[in-house]
Amino acid sequence: MESIAILGATGSIGKSSLDVISRYPDRFTVYAVTANSSVKKLAQAAKDSGAKVAVIADKELLEALQEELRAAGSTAEALAGSKAIDEIAASPEVDIVIGAIVGAAGISSTFKAAEAGKKLLLANKESVVCGGRILMDTIKASGAVLMPVDSEHNAIFQCLVGATQKARCEANIILTCSGGPFRQRQDLSDVTVEEATHHPNWSMGKKITVDSATLMNKGLEVIEARWLFDFEPERIQVVVHPQSVIHSMVQYADGVIIAQMGAPDMRNTIAYSLGFPERLDAGVEPLNFSKIKTLTFEAPDLKRFPQLGYAYDALKLGGAASIVLNAANEIGVEAFIQGKIGFTDIARLCHAMMYGFQPPTPTNLEEILETDKEARKLAQSWVEGFCDKLEN
Ligand code: NDP
């Protein structure tokens, strides 16, 4: 029996994880579930999964969580605060940590799970983007096992299984990208929040859905792939594939390409990561090729979607550039969702921040978090200055 902590249990990945785990009661048990502020949903998740602990990041909500747990009929112990989430990630009671918190808020717990040598099923791409080599070294040093949950990276992982070190070193990664909802739209200046928060193929949380619309999501994934698989950026290509059937590919030195395909349902990658090297049924309908009919491919348009290019630039710049880009994007997306800035302003903010703010290269978790905090502060002041300018 393996014991699991689901960090971000009330989100899209968290819910898919609970669904997969519930299919294997003889193999997995849920020890803890966590959330930011959704006490009702968290209490329900604790009740449904039989979790022993429920943690809410917002300390003010401890009492509310206790009440909701009672109301839901759960006997889980209630805890509160980000520190408590970090402690759960490193708890000796836990074998597997599912990192499904959204944004840089997930960095610290990812590191704690990595330091504690856990099996880490990582959806939180922002912690790989910001943690980079430091995170990968932490994983190596502790003997932790990292399974990428992001569908593209999970696909690449599958395409690399069995490859020799030499074959790996000579291969290229081809990341597929749906192109998002605005693939064919020329003018992006008047994109609404409603339009940007609806993805054509995937059902996901709000932040990643907007990232998919700007292609920042693909940019973050390029950075993620660079660190997860230790591939230089020159060996990572992006191809737009609107049907989202091929989740990514690896091209070997002989020109042969191995592609991984499946329905666009995150339960597939979660089940693969939980069961590896076995394959577990995730309850997802297999692909039906007579329904798909065509698979198409095109190059990404970096003019309309410059954030994808900024990710490559961040890798070239090195140092803290990826952390600054990630922070600028998070602040930008939040401001866009709140109606403070326009869709294309997210890219302007990212550009201004990445080239205007170059803090020292962090060397450990504390410095990564400090850099993230500084970058957020600056990005926030850019947003406020921008709003002031609009009002005057
Ligand atoms: P959601 O927005 O649906 O869920 C986010 C989860 O994180 C919620 O449980 C939320 O709690 C919790 N959370 C938010 N802020 C904090 C915080 N400050 N401290 C602690 N917990 C917090 O996101 P997704 O499930 O879509 O995405 C999660 C991660 O997985 C992201 O990094 C995303 O990029 C990645 N990912 C997602 C995919 C998907 O299909 N959704 C695909 C590939 C990667 P609450 O409900 O209380 O707000």
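# A chat about salt bridges, pockets and turns

Q: Hi! Which side chains meet in a salt bridge at 2.6 Å, N to O?
A: Those of E330 and R376 meet in that salt bridge, with 2.6 Å from N to O. Keep in mind that this is a predicted model.

Q: Noted. Where in the chain do those two sit, and how many residues apart are they?
A: The pair links distant parts of the chain. E330 belongs to helix 15 (residues 321-337) and R376 to helix 17 (residues 365-391), and they are 46 residues apart.

Q: Is E330 buried or exposed?
A: E330 counts as buried because its relative accessibility is 13%, and buried means under 20%. R376 is partly exposed, with a relative accessible area of 22%.

Q: Which residues are joined into one network by salt bridges that share partners?
A: That network is made of K125, D150, E152, K218 and E221.

Q: And how many salt bridges does the structure hold?
A: It holds 23 salt bridges.

Q: Could you show me another pair? What does R185 meet?
A: The side chain of R185 meets that of D190 in a salt bridge, at 3.0 Å from N to O. R185 is partly exposed, with a relative accessible area of 23%, and D190 is partly exposed too, at 48%.

Q: What about R226, which partner does its side chain meet?
A: R226 forms a salt bridge with E232, with 3.2 Å between N and O. Here R226 is buried, with a relative accessible area of 6%, while E232 counts as partly exposed at 38% relative accessibility.

Q: Let's switch to pockets. How much space lies in the second largest pocket?
A: About 440 Å³ of space lies there.

Q: What lines the second largest pocket?
A: Its lining has 17 residues, and M136, R168, W227, L228 and F229 are the ones that lie nearest the centre. By class, the lining is made up of 10 nonpolar, one polar and six charged residues.

Q: Which helices and strands supply at least two residues each?
A: Helix 6 (125-142), strand 7 (145-148), helix 7 (151-160) and helix 11 (216-229) each do so for the second largest pocket. Helix 6 gives the most to this lining, with five residues.

Q: What about cavities? How many of 30 Å³ or more does a search of the whole structure find?
A: The search finds one cavity of 30 Å³ or more. The largest cavity holds about 40 Å³ of space.

Q: Which residues line the largest cavity?
A: S151, W202, H247, Q260, G262, A263, D265, N268 and T269 line the largest cavity. By class that gives two nonpolar, six polar and one charged residues.

Q: T269 also sits in helix 12, I think. How many of the 10 residues of helix 12 are buried?
A: Helix 12 (residues 266-275) is mostly covered, with nine of its 10 residues buried. T269 is one of the buried residues of helix 12, and others among them are M266, I270, Y272 and L274.

Q: What happens at the peptide bond from F276 to P277?
A: The bond from F276 to P277 is cis, with omega near 5 degrees. P277 itself lies in the loop between helix 12 and helix 13.

Q: Any unusual backbone angles? What is the phi of L215?
A: L215 has a positive phi of about 70 degrees, although it is not a glycine. You'll find L215 in the loop between helix 10 (206-214) and helix 11, and it is buried, with a relative accessible area of 4%.

Q: And D230, what is its phi?
A: D230 has a positive phi as well, about 55 degrees, and D230 is not a glycine. It lies in the loop between helix 11 and strand 9 (236-240). D230 is exposed, with a relative accessible area of 52%.

Q: Now the surface. Which residues make the nonpolar patch of about 370 Å²?
A: M261, F289, L295 and F297 make that surface patch. F297 lies in the loop between helix 13 (289-292) and helix 14 (306-317), and at 41% relative accessibility F297 counts as partly exposed.

Q: One last residue: where is D345?
A: D345 lies in helix 16 (residues 343-356) and is buried, with a relative accessible area of 8%. The C-alpha atoms of D345 and F386 are separated by 9.5 Å, and these two residues are 41 residues apart along the chain.

Methods. Residues numbered from 1 in each chain as written. Predicted model: local features only at pLDDT ≥ 70, side-chain atom pairs only at ≥ 80, totals over all residues. Heavy atoms only, no water. 1 Å grid on protein atoms, 1.4 Å probe; cavity = no way out; pocket = protein on both sides within 12 Å on 5 of 7 lines; lining within 4 Å. Points joined across faces, edges and corners; volume = space filled by probe spheres on them. Helix = DSSP H or I, 4+ residues; strand = E, 2+ residues; numbered from the N terminus. Nonpolar A, V, L, I, M, F, W, Y, C, P; charged D, E, K, R; others polar. Patch = residues over 30% accessible without salt bridge, like charges linked within 9 Å, V, L, I, M, F, W, Y side chains within 5 Å. Areas by Shrake-Rupley, 256 points an atom, 1.4 Å probe, with all protein chains shown as cover. Salt bridge = Lys/Arg side-chain N within 4 Å of Asp/Glu carboxyl O. Buried < 20%, exposed > 50% of the residue type's maximum accessible area, 1.4 Å probe, protein only.
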